Amino acid sequence: MPRKTITIALAGNPNSGKTTLFNNITGAHQKVGNWPGVTVEKKEGVVIRHGHDLKIIDLPGTYSLTPFSIEEIVARNFILEEHPDVVIDIIDASNLERSLYLATQLREIDCRVLFALNMADMAQSRGIRIDADKLSELLDVPVVFTIGNRNEGVDDLLKTAVDLAEKSFQISQGRRVKYSPDIETAILRLQEVLVRDYSTSIPCNPRWASIKLLENDQIVRNAIVSGTPTEAAVSLLDMEIQKQRHYIQARFDDDPEIIMTDERYGFIAGIVKEVVTTSTRHRVDISRNIDLVLTNRFLGFPIFIFFIWAMFQLTFSIGAYPMEWIESGVSWISTALDGLMAESLIKNLLLNGIVAGVGSVIVFLPNILILFFCISLFEDTGYMARAAFLMDKIMHLIGLHGKSFIPMLMGFGCNVPAIMSARTLESEKDRILTILITPFMSCSARLPIYIVLAGAFFGERAGTVIFAIYLIGILLSIGTGRVLRSTILKGLDAPFVMELPPYRIPMIKSVMIHMWDRSRQFLKKMGNIILVGSVVVWALSTFPSDIKYSRDYDLDIAGINARYEALFPSANPAMITALESNRDEEIDRLKMARHAERTEKSYMGRLGKLVEPVFLPIGIDWKGSVALISGFVAKEIVVSTMGILYVVKGDTDTEAMSAALRDSGMTALSALSLMFFVLIYLPCMATVVAIRRETGSIGWMMFSLIYSSTLAWAISFCIYQGGRFLGY
Amino acid sequence: MNATSPDLRLSQLREGQSARILRVGGSSVLRRRIFEMGIVKGAEITVEKYAPLRDPLEIVVKGYHLSLRVEEAAQIMVERVPQG
């Protein structure tokens with residue numbers, strides 16, 4: 001007998017411990033993707049429990065089910081359209097009152113809902129005791145106690161969910177919110193119209209649809225109207241909605257949605273009074289004590305800056321060790337392949353294209369792992385919200401929300417998830433503005449370029465130079481933000497109503513899953529975009545294979561060999577060694593010259609030459625131009641391209657690269673100009689795709705492309721020409 | 001002392017002071033957002049602290065902590081309650 005699949009959706013407020021519960025239930029069996037059409041992260045997992053396949057879906061965390069933010073729309077649509085067998089509403093026991101607001105809305109939808117009363121232990125330590133039986137009875141909903149971070153009650157919860165799914169469904173009318181008589185009358189009136197004219201297109205149930213219409217919910221209104229052919233019926237409905245809204249406005253002197261929110265809280269207050277007993281106000285609020293320090297007037301900012309500094313230190317100094325191991329691993333593979341395979345085009349591709357290209361990028365995996373480890377630590381402890389709290393005033397100066405700080409901070413890791421995290425912003429203008437300025441946050445893929453260039457040309461002061469580049473990136477984003485805010489993206493900011501959740505000890509499992517998710521995105525990029533990019537770059541620089549050299553190198557090498565051969569017989573052993581090393585040096589020099597010539601005459605070289613006139617005024621030669629062009633595929637490729645173009649031996653380590661760069665005639669000034677260009681110019685392909693998806697417009701994407709490239713050129717021009725003028 | 005002054009705004013409270021919400025003004029989006037987070041008429045609210053740059057401010061309502069901008073808090077009319 002095949003097992004039945006039961007779909008279970010997890011709903012709940014942000015910070016209710018929903019994700020922890022989800023991680024505990026599904027463990028490593030998670031699939032992370034996106035909700036169709038939008039880029040809100042969708043997590044699901046299948047587990048076998050109690051004789052069934054349980055498909056668990058983690059809905060976005062929301063406070064409500066109004067069509068306020070994309071998260072709320074996604075959560076609501078899933079429940080309405082996909083009809084999960086059971087919805088588990090995770091209720092933070094220490095925030096019962098607000099959690100019940102979402103719960104009452106779930107009850108109104110008439111889905112099969114079950115409450116997980118989470119973290120009751122924490123509530124109890126704060127003197128809050130909840131009578132679960134009473135709550136269950138009052139709302140006619142099963143209630144299960146869980147402690148997510150200790151994995152307690154999870155099995156019980158799933159058992160109850162399975163039982164609930166298998167029970168034949170009965171709509172219990174009793175325990176929903178009862179509004180005041182006037183509102184109930186208005187709901188009834190709308191309900192009549194709906195049942196009469198729109199019986200086929202009512203989402204959910206007529207009562208819920210009427211409530212939403214009364215609240216002026218345009219999504220529900222459009223869904224209902226879309227099923228109706230006649231315009232007369234549509235205007236009839238709109239008229240009826242307006243009439244009922246006016247009726248309530250006149251009675252209560254306020255908008256219906258406000259009155260109804262108020263009444264829901266009134267209903268909730270009644271429930272809370274019956275189920276909660278608060279013991280004497282003996283509570284040690286650890287969070288509050290932590291905040292006395294972390295958001296302190298004097299200490300808040302220094303500590304914040306220290307955390308950010310520590311994060312970068314950790315990422316880059318600790319990350320240097322595994323980086324070395326990977327580097328030697330790659331060069332070991334490269335040597336082994338070199339010895340194993342006979343000379344051929346395939347070997348060339350494998351060695352100089354794939355191993356060299358991917359190898360020079362994979363070394364940054366440790367950096368990325370550590371960076372995302374830190375970021376998820378900030379998120380899971382609750383510090384991220386404090387960072388937004390501290391930064392809001394500054395962000396507000398650019399016309400942005402404190403929450404915009406989060407995508408911008410994430411931008412230092414990778415612009416793609418950063419742009420995706422701009423979803424947390426409610427106002428579309430805030431979102432677009434944040435998305436447009438995020439690429440100026442120098443992502444970790446650009447760092448290797450700085451490390452190589454600054455390392456080669458600025459020696460001791462490399463750290464300062466890199467710091468300055470990051471800083472200028474931040475300043476540019478602020479400037480861009482201000483300019484756009486006062487021109488094309490004029491408008492009011494979204495309200496800054498944000499929860500400061502209690503601090504929590506992060507769970508290793510959650511942090512690991514989080515970190516792994518992000519790193520997997522990076523590895524995936526390695527697997528396809530970067531692999532393809534490296535092969536393309538290799539092909540462009542290897543072909544055409546029949547290059548006409550300016551001289552016959554093989555003949556010259558043979559000549560050198562013959563010349564030294566003639567000297568050997570008359571030399572003593574010590575002289576032979578000296579002669580041999582002289583000979584090898586001469587041959588190496590010739591081979592280098594040949595390599596340089598073949599690169600110059602390859603397709604890649606021709607492409608670089610073609611665009612060189614554009615880059616010369618900013619001090620970048622054709623090799624640099626080629627590296628920059630290839631960087632559009634992914635910024636990581638800039639380094640691997642430079643590796644292929646500048647480095648003669650199969651070596652990809654940083655030392656050899658620095659030496660080759662210095663030998664190539666690049667100066668400190670042109671390196672600086674190149675670094676700034678890399679900071680500002682076109683974001684990588686994946687970021688461009690993310691911008692396109694998140695702004696929902698090709699126009700904004702094009703704007704971002706043109707704006708950043710122009711700005712990059714202008715700034716590099718000023719640096720290079722200014723520097724030359726000053727005599728550098 | 002339990003005197004109520006009708007024109008007190010939430011943004012006029014100092015750190016540690018408590019008040020009861022009378023009404024909320026401002027745009028419809030702001031009002032709804034505020035209501036949904038539990039800042040409803042009659043709810044008791046305490047100003048926990050102001051951010052280091054004096055904006056936003058942190059409030060405690062129904063046992064949890066929220067942040068609001070000063071300009072938003074200025075839309076919330078309150079009456080002082082005696083401190084316990």
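What distance separates the centres of domain 1 of chain A and domain 2 of chain A, taken over C-alpha atoms? In this predicted model, the two centres lie 29 Å apart. Both belong to a division of chain A into domain 1 (5–166), domain 2 (181–253), domain 3 (285–543 + 602–728) and domain 4 (544–598). Between domain 1 and domain 2 of chain A, 6 residues of the former are in contact with 7 residues of the latter. On the domain 1 side, the elements that give two or more residues to this contact are helix H2 (70–82) and helix H3 (96–109) of chain A, and the residues of that side comprise 4 nonpolar and 2 charged, with no polar residue.

The association of the two chains was examined next. Here 27 residues of chain A are in contact with 29 residues of chain B. On the chain A side, two or more residues each are given by H3, helix H11 (256–275), helix H13 (300–318), helix H17 (383–397) and E10 of chain A, and the largest share, 5 residues, comes from H11(A). When the residues of this side are sorted by class, 12 are nonpolar, 6 are polar and 9 are charged.

Strand E10 of chain A also takes part in a sheet with strands of chain B. The sheet is open and consists of 6 strands in the order E10(A)-E4(B)-E3(B)-E2(B)-E1(B)-E5(B), with antiparallel pairing. Its edges are formed by strand E10 (498–499) of chain A and strand E5 (76–80) of chain B, each of which pairs on one side only. The link across the chains is made where E10(A) pairs with strand E4 (residues 64–68) of chain B, in the antiparallel sense and over 2 bridges. Within this pairing, A:Met498 has B:Ser67 of E4(B) as its bridge partner, while A:Glu499 stands opposite B:Leu66 in the chain B strand.

Several helix pairs of chain A were then considered. Helix H26 (residues 603–615) and helix H27 (residues 622–630) of chain A have axes 7 Å apart and pack at an angle of about 100°, and H26(A) and H27(A) are therefore roughly perpendicular to each other. Residues in this contact include A:Met604, A:Leu607, A:Val611 and A:Phe615 of H26(A), together with A:Trp622, A:Val626 and A:Ile629 of H27(A). Taken as a whole, the contact of H26(A) with H27(A) has 7 nonpolar, 4 polar and 3 charged residues.

For helix H21 (residues 447–458) and helix H30 (residues 668–680) of chain A, the axes are 9 Å apart and the packing angle is about 165°; H21(A) and H30(A) are therefore roughly antiparallel to each other. H21(A) passes H30(A) in a left-handed crossing. Among the residues that make the contact are A:Tyr450, A:Leu453 and A:Phe457 of H21(A) and A:Ala671, A:Leu674 and A:Met675 of H30(A). By class, this contact has 12 nonpolar residues, with no polar and no charged residues.

Helix H20 (residues 428–437) and helix H22 (residues 462–486) of chain A have axes that come within 9 Å and cross at roughly 145°, and the crossing of H20(A) past H22(A) is right-handed. In this pair, A:Leu433, A:Leu436 and A:Ile437 of H20(A) meet A:Ser477, A:Thr480, A:Gly481, A:Leu484 and A:Arg485 of H22(A). The contact of H20(A) with H22(A) has 4 nonpolar, 3 polar and 1 charged residues.

Notes
Residues numbered from 1 in each chain as written. Chains lettered and ligands numbered in written order. Predicted model: local features only at pLDDT ≥ 70, side-chain atom pairs only at ≥ 80, totals over all residues. Domains from an automatic or database assignment. Contact = placed C-beta atoms within 7 Å. Helix = DSSP H or I, 4+ residues; strand = E, 2+ residues; numbered from the N terminus. Nonpolar A, V, L, I, M, F, W, Y, C, P; charged D, E, K, R; others polar. Pairing = 2+ DSSP bridges. Axes fitted to C-alpha atoms, helices over the stretch in contact; angles between N-to-C directions. Parallel < 35°, antiparallel > 145°, perpendicular 65-115°, else oblique. Left-handed = near helix turned anticlockwise from the far one by under 90°.
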